[in-house]
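Hi,

Here is the structure I promised to pass on. Have a look at it first, and my notes follow underneath.

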Amino acid sequence: MSSNSAMRDIDERTNLTGNSMFELLLFRLGEAKNTQKRELFGINVFKVREIMVMPEITAMVNAPDTVMGVANIRGQMIPVINLPLIAGCNPTKGLGILLVTEFARTTQAFAVEEVNEIVRLEWKQVLSAEGTGGGLVTSIARLDGNSENTRLAQVLDVEQILRDVFPEQHKGVLDGDKLATAAIPPGSVVLAADDSAVARMMIEQGLKAMNIPYIMTKTGKEAWEKLGSMQADAARQGKSIKDLVALVLTDLEMPEMDGFTLTRNIKQDSRFSGIPVVIHSSLTGTTNESHVKSVGADAYVAKFVAEELGATIRKVLER
């Protein structure tokens with residue numbers, strides 16, 4: 001990518017997130033097990049490095065059933081994951097397309113039946129799928145807004161999928177592990193937000209290992225509302241919100257309100273002056289890190305290395 005196109009990419013991202021919007025790549029995985037319908041699935045465009053016709057795949061000895069093998073893509077050996085198999089879909093048209101993706105410092109490819117289109121959405125069109133029974137789905141995107149018969153797309157929990165497929169590469173903090181502790185003011189907590197159940201579990205393990213009390217929320221909207229109610233509690237007690245919240249830790253991609261909007265809301269509201277915000281995301285790369293600075297976050301840390309998360313939190317708290 002040239003420096004000019006990289007700058008255009010940053011400008012485009014800034015314009016989108018400035019309006020609480022993002023782009024979703026829609027694809028199909030075949031017929032759903034119970035209905036035989038070809039449901040739509042989605043992935044954030046900025047996680048997709050390239051889309052290509054299925055190349056030759058080399059099967060690997062003793063690979064799990066969900067890993068079809070590796071593909072040699074521009075000189076890099078990339079594992080190919082059978083996404084329809086994981087999602088319980090039957091790709092009757094075959095697996096003709098490969099989505100090469102970058103998540104949390106890893107590159108992998110997902111085999112899919114077909115790619116449909118890219119749609120531009122507002123985060124408020126995306127609702128949490130928590131409690132709907134879809135364990136591998138973080139959220140549901142209403143592609144046509146609030147209309148009664150809107151098309152729906154399921155946004156897959158890629159963090160959960162990668163942890164299931166490659167458990168050795170995506171380890172959390174084990175019970176009993178100790179990380180260097182971080183000192184936060186007595187009586188205060190870290191307020192954290194992440195829409196992925198597996199990410200929340202790993203964050204909780206990390207914060208416990210650092211002996212940091214926390215409150216966990218599932219969306220930016222929930223974190224924002226919690227911050228508002230805690231500010232009201234602080235005022236009633238004659239305290240500052242900083243006495244109750246030492247730091248906000250937020251993911252970027254979340255239904256209803258994303259992490260960019262949450263960060264901007266906190267930084268532009270005088271009630272929350274001085275509360276540091278750390279963005280913790282699987283959206284890695286210089287484009288994202290540049291944009292994190294533009295919304296006023298105090299730090300950015302890529303998912304998921306507990307020691308790096310701990311070091312970043314300590315550094316921000318010590319400023």
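Aspartate 233 is partly exposed in this predicted model, with a relative accessible area of 31%. Its salt-bridge partner is arginine 236, and the closest N and O atoms of the two are 2.3 Å apart. Arginine 236 is exposed, at a relative accessible area of 65%. Both sit in helix 5 (residues 220–236), and because they are three residues apart there, about one helical turn separates them.

That pair is one of 18 salt bridges in the structure. Two others are worth pulling up in your viewer.

Take lysine 303 and aspartate 251, whose side chains meet in a salt bridge at 3.4 Å, N to O. Lysine 303 lies in the loop between strand 17 (299–302) and helix 8 (306–318), while aspartate 251 lies in the loop between strand 15 (245–250) and helix 6 (259–268), so the bridge ties together parts that are 52 residues apart in sequence. Both lysine 303 and aspartate 251 are buried. They also belong to a network: Glu159, Asp194, Asp251 and Lys303 are joined by salt bridges that share partners.

Then there is arginine 120 with glutamate 23, a side-chain salt bridge at 2.8 Å, N to O. This pair links distant parts of the chain, 97 residues apart, with arginine 120 in strand 9 (residues 114–122) and glutamate 23 in strand 1. Arginine 120 is partly exposed, with a relative accessible area of 43%, whereas glutamate 23 is buried at 15%.

On to the sheet. How are the five strands ordered in the open sheet? The order is 3-7-8-5-4, and the pairing is mixed. Strand 3 (48–53) and strand 4 (67–73) are at the edges; each has a single partner strand, so one side of each has no neighbour in the sheet. On average, and ignoring direction, neighbouring strands here are turned by 30° against each other. At one end of that order, strand 4 pairs with strand 5 (residues 76–82) in the antiparallel sense, over six bridges. If you want a spot to zoom in on, glycine 69 stands opposite valine 80 in strand 5. Helix 3 (residues 158–165) packs on this sheet, where it touches strand 4, strand 5, strand 7 (97–103) and strand 8 (106–112). The direction of helix 3 makes about 95° with that of strand 8.

Helix 3 turns up again in the hydrophobic part of the story. The largest nonpolar core has 25 residues, and Phe27, Leu83 and Phe110 touch the most other members. Strand 1 (21–32), strand 2 (38–44), helix 2 (83–87), strand 7, strand 8 and helix 3 each give two or more residues to this core. Which element gives the most? Helix 3 does, with four residues.

Phenylalanine 27 is a good place to start looking around in there. Leaving out residues up to four places away in sequence, its contacts include Leu40, Phe41, Ile43, Leu83, Leu99, Val112 and Leu156. Among its other contacts are Glu39, Glu114 and Asn116. There is also a second, separate core of 22 residues, which includes Met202, Val278, Ala299 and Phe304.

Shout if anything looks odd when you load it.

Cheers

Terms used. Residues numbered from 1 in each chain as written. Predicted model: local features only at pLDDT ≥ 70, side-chain atom pairs only at ≥ 80, totals over all residues. Heavy atoms only, no water. Pairing = 2+ DSSP bridges. Axes fitted to C-alpha atoms, helices over the stretch in contact; angles between N-to-C directions. Contact = heavy atoms within 4.5 Å. Core = buried A, V, L, I, M, F, W, Y, C linked by side-chain atoms within 4.5 Å. Buried < 20%, exposed > 50% of the residue type's maximum accessible area, 1.4 Å probe, protein only. Salt bridge = Lys/Arg side-chain N within 4 Å of Asp/Glu carboxyl O.
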